[in-house]
Amino acid sequence: MESTYSPIEVFNFCPHCGSRGLTADTEKSLTCNSCGFRYFINMSASVAVIIRNEKDEVLFTVRKHDPAAGMLDLPGGFVDLGETAEQAVVREVFEELNLEIISMKYAATFTNKYLYSGILYQTLDLVFECEVKSFQHLKVADDVSGYVFRNPLTVLPEEIGLDSVRDIVKNIAVLL
Ligand SMILES: [Zn+2]
């Protein structure tokens, strides 16, 4: 059951006083019975980017690491602390693909659950449709396995690694 991996289940010791008195007081918060420390579990923000070529195919990356290694993904990643979603889009596309974005348009959000290191993170994925200057210098980073341009309408759900990306691709004709 996925709740086994939620921070509510996994975090037992208070990070402030170290006692074992950390308990869930709501479904999204933990309180320490010893010192009163309270912690809220929030969604993490991430970005997913739709980039099309001149044939209207979408640029997918191939995941190198788990979760879902070897499966299709969209460029993007977690928004850093203190960063805007727009800055995260520019940074991630440059880091992952060595591409320069020249325009972006916000499209929609999707939720995702991301199991990493024994914790189930819940994310809010912000989708942007972007244009790049050119594909001439396209080159994948070390933490990406590869890339492929595909007609999104022919990509099968089982080829895609993450739930939110599956939802984005399923809705791409309506959304974008
Ligand atoms: Zn405490």
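## A guided tour of the predicted model

Begin by selecting I50, F60, L74 and I168, the residues with the most contacts inside the largest nonpolar core, a set of 18 residues. To see where this core draws its members from, colour strands β4 (44-51), β5 (58-63) and β8 (101-116) together with helix α3 (163-170); each of these elements gives two or more residues to the core. Apart from it lies another core, of 17 residues, and V79, A88, V89 and L138 are among its members. In soluble globular proteins, nonpolar side chains tend to be buried together. The model on display is a predicted one.

**The whole chain**

Now zoom out and show the protein chain as a cartoon. Four helices and 10 strands should appear, in the order α-β-β-β-β-β-β-β-α-β-β-β-α-α along the sequence. The C-alpha trace spans about 60 × 30 × 30 Å along its principal axes. Of the 176 residues, 40% count as buried. When a surface is displayed, its accessible area comes to about 10200 Å², and carbon and sulfur atoms account for 52% of that. Among contacts between residues at least 6 apart in sequence, 57% join residues at least 24 apart.

**The two domains**

Colour residues 2-40 as domain 1 and residues 45-175 as domain 2, following the domain assignment. The centres of the two domains, taken over C-alpha atoms, are separated by 33 Å. Where they meet, the contact takes six residues from domain 1 and five residues from domain 2.

**A nonpolar patch on the surface**

Next select V10, F11 and Y39, which make a nonpolar surface patch of about 240 Å². V10 belongs to helix α1 (residues 7-10). With a relative accessible area of 32%, V10 is partly exposed; the patch takes only residues over 30%, so V10 passes this cut-off.

**Salt bridges**

Side chains of opposite charge can pair when their charged atoms come close. The count for this model comes to 11 salt bridges, and three of the pairs are visited below.

Select R63 and D73 to view a salt bridge in which the closest N and O atoms are 2.6 Å apart. D73 lies in strand β6 (residues 72-73) and R63 in strand β5, so the pair ties together parts that are 10 residues apart in sequence. D73 counts as buried, at 10% relative accessibility, and R63 is buried as well, with a relative accessible area of 11%.

Move on to D80 and R91, whose side chains meet in a salt bridge at 3.6 Å, N to O. This pair links distant parts of the chain: D80 sits in the loop between β7 (76-78) and α2 (85-97), while R91 is in helix α2, 11 residues apart. D80 is partly exposed, with a relative accessible area of 41%, whereas R91 counts as buried at 19% relative accessibility. Extend the selection to E83, E92 and E95, and a network of salt bridges linking these residues with D80 and R91 comes into view.

Finish at R150 and E159, which form a salt bridge with their closest N and O atoms 2.9 Å apart. Is E159 buried or partly exposed? Its relative accessible area is 25%, so E159 counts as partly exposed.

Definitions and conventions: Residues numbered from 1 in each chain as written. Predicted model: local features only at pLDDT ≥ 70, side-chain atom pairs only at ≥ 80, totals over all residues. Heavy atoms only, no water. Core = buried A, V, L, I, M, F, W, Y, C linked by side-chain atoms within 4.5 Å. Buried < 20%, exposed > 50% of the residue type's maximum accessible area, 1.4 Å probe, protein only. Patch = residues over 30% accessible without salt bridge, like charges linked within 9 Å, V, L, I, M, F, W, Y side chains within 5 Å. Areas by Shrake-Rupley, 256 points an atom, 1.4 Å probe, with all protein chains shown as cover. Salt bridge = Lys/Arg side-chain N within 4 Å of Asp/Glu carboxyl O. Domains from an automatic or database assignment. Contact = heavy atoms within 4.5 Å.
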